[in-house]
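Trainee: Could you go through this structure with me? I would like to ask things as they come up.
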Amino acid sequence: MVITALRYTLHPPRTGADITIKGLRPNPPPVRLFILGARAESSLPREVWLQLSHLFPRVSFHLIFIGPESMSGRDAEFPLPPRTPSNPFGAIVEDRLGGQMKISTYVEYFHTLYDAQHFGPFDPYFDAVVCFHPGLGHPASSHEWKETLPKLLDMKVPVICTGYTQFDMERDIDWVKKEARGEMDLLSEPGENRFRSLRWDLNDVDPGDVSCGNFGVWGFRGKRYEADNYTAKGEE
């Protein structure tokens with residue numbers, strides 16, 4: 001259901017709006033994509049991300065890159081702004097990317113921003129989280145996600161993850177299931193991503209370790225409990 005909601009937002013029905021007074025229509029809020037643990041994806045040429053606007057021309061997007069490495073190697077391009085009362089987390093905002101796209105970057109952990117209620121409230125019709133190769137279950141990085149996972153489950157929005165290999169994804173899923181303790185719904189089983197990288201990478205130390213960028217994709221969300229209609233005892 002949650003994927004259906006997001007799909008409806010990305011493919012809105014035509015409203016008959018035009019440039020006349022009679023044709024004015026209220027615009028829906030932008031689709032917010034929270035890219036957590038952002039690394040190389042935050043430094044991609046903006047023309048790459050603008051393809052989203054071409055794929056969904058009737059939808060506006062707000063991409064939000066979050067993570068301590070989200071500005072690695074870009075200090076000369078965008079010096080980090082000072083943290084002020086009007087910009088408490090030193091966000092870098094790029095809002096001149098056309099009328100349908102805005103990009104914000106936070107060199108901060110997501111759980112810190114969440115605890116400050118910086119982005120709330122969240123809406124499954126307009127919000128989604130994307131994690132590229134997050135390493136949720138990797139021994140070297142899982143501790144960094146331990147404080148973030150409960151926040152992702154509380155948001156009740158789709159969390160879309162990619163992985164280098166099938167094993168990498170299944171390890172992440174096992175870790176999420178263990179840490180969530182039943183409070184998560186698996187939205188899609190791990191499978192090969194048709195838009196994965198076409199380049200295969202070989203580990204020089206272990207020739208049997210072959211992977212490629214965004215090889216697979218899967219998704220989850222915090223468990224939702226639906227209210228059931230029932231008749232109280234003694235009532236008809």
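Trainee: To begin with a single residue, does Arg171 count as buried, partly exposed or exposed?
Mentor: Keep in mind first that this is a predicted model. In it, Arg171 counts as partly exposed, with a relative accessibility of 23%.

Trainee: And what does Arg171 form a salt bridge with?
Mentor: Its partner is Asp168, and the closest N and O atoms of the two are 3.2 Å apart. Both residues sit in helix H7, and because they are three residues apart there, about one helical turn separates them. Asp168, for its part, is buried, with a relative accessible area of 7%.

Trainee: How many salt bridges does a search of the whole structure find?
Mentor: The search finds 10 salt bridges. One of them brings together the side chains of Lys151 and Asp115, at 2.9 Å from N to O. That pair links distant parts of the chain, since Lys151 belongs to helix H6 (residues 149-155) and Asp115 to helix H4 (residues 110-115), 36 residues apart.

Trainee: Is Lys151 buried or exposed?
Mentor: Lys151 is buried, its relative accessible area being 16%, whereas Asp115 counts as partly exposed at 48% relative accessibility.

Trainee: Which residue does Lys146 meet in a salt bridge?
Mentor: Lys146 meets Glu179, and the distance from N to O is 2.9 Å. Lys146 lies in the loop between helix H5 (142-145) and H6, while Glu179 is in helix H7 (residues 166-180), so this salt bridge ties together parts that are 33 residues apart in sequence. Of the two partners, Lys146 counts as partly exposed at 47% relative accessibility, and Glu179 is buried with a relative accessible area of 19%.

Trainee: Changing topic, how many disulfides does the search find?
Mentor: It finds zero disulfides in the whole structure. As background, a disulfide is a covalent bond between the sulfur atoms of two cysteines.

Trainee: Why is there no bond between Cys161 and Cys131?
Mentor: The closest cysteine sulfur to that of Cys161 is the one in Cys131, but the distance is 4.5 Å, which is too far for a bond, because the two sulfur atoms would have to be within 2.5 Å. Cys161 also counts as buried, at 0% relative accessibility.

Trainee: What about Cys212, how far is its sulfur from the closest cysteine sulfur?
Mentor: For Cys212 the distance is 16 Å, to the sulfur of Cys161, and this is again too far for a bond. Cys212 is buried as well, with a relative accessible area of 0%.

Trainee: Now for pockets, what volume does the largest pocket have?
Mentor: Its volume is about 1,600 Å³. The lining of this pocket consists of 39 residues, and those nearest its centre are Leu52, Val130, Phe132, Asn193 and Phe195.

Trainee: Which element gives the most to that lining?
Mentor: Helix H1 gives the most, with four residues. Several elements each supply at least two residues of the lining, among them helix H2 (46-49), helix H3 (51-55), strand S1 (31-36) and strand S7 (184-192).

Trainee: And how many of the lining residues are nonpolar, polar or charged?
Mentor: Sorted by class, the lining of the largest pocket has 24 nonpolar residues, 10 polar ones and five charged ones.

Notes. Residues numbered from 1 in each chain as written. Predicted model: local features only at pLDDT ≥ 70, side-chain atom pairs only at ≥ 80, totals over all residues. Heavy atoms only, no water. Salt bridge = Lys/Arg side-chain N within 4 Å of Asp/Glu carboxyl O. Buried < 20%, exposed > 50% of the residue type's maximum accessible area, 1.4 Å probe, protein only. 1 Å grid on protein atoms, 1.4 Å probe; cavity = no way out; pocket = protein on both sides within 12 Å on 5 of 7 lines; lining within 4 Å. Points joined across faces, edges and corners; volume = space filled by probe spheres on them. Nonpolar A, V, L, I, M, F, W, Y, C, P; charged D, E, K, R; others polar.
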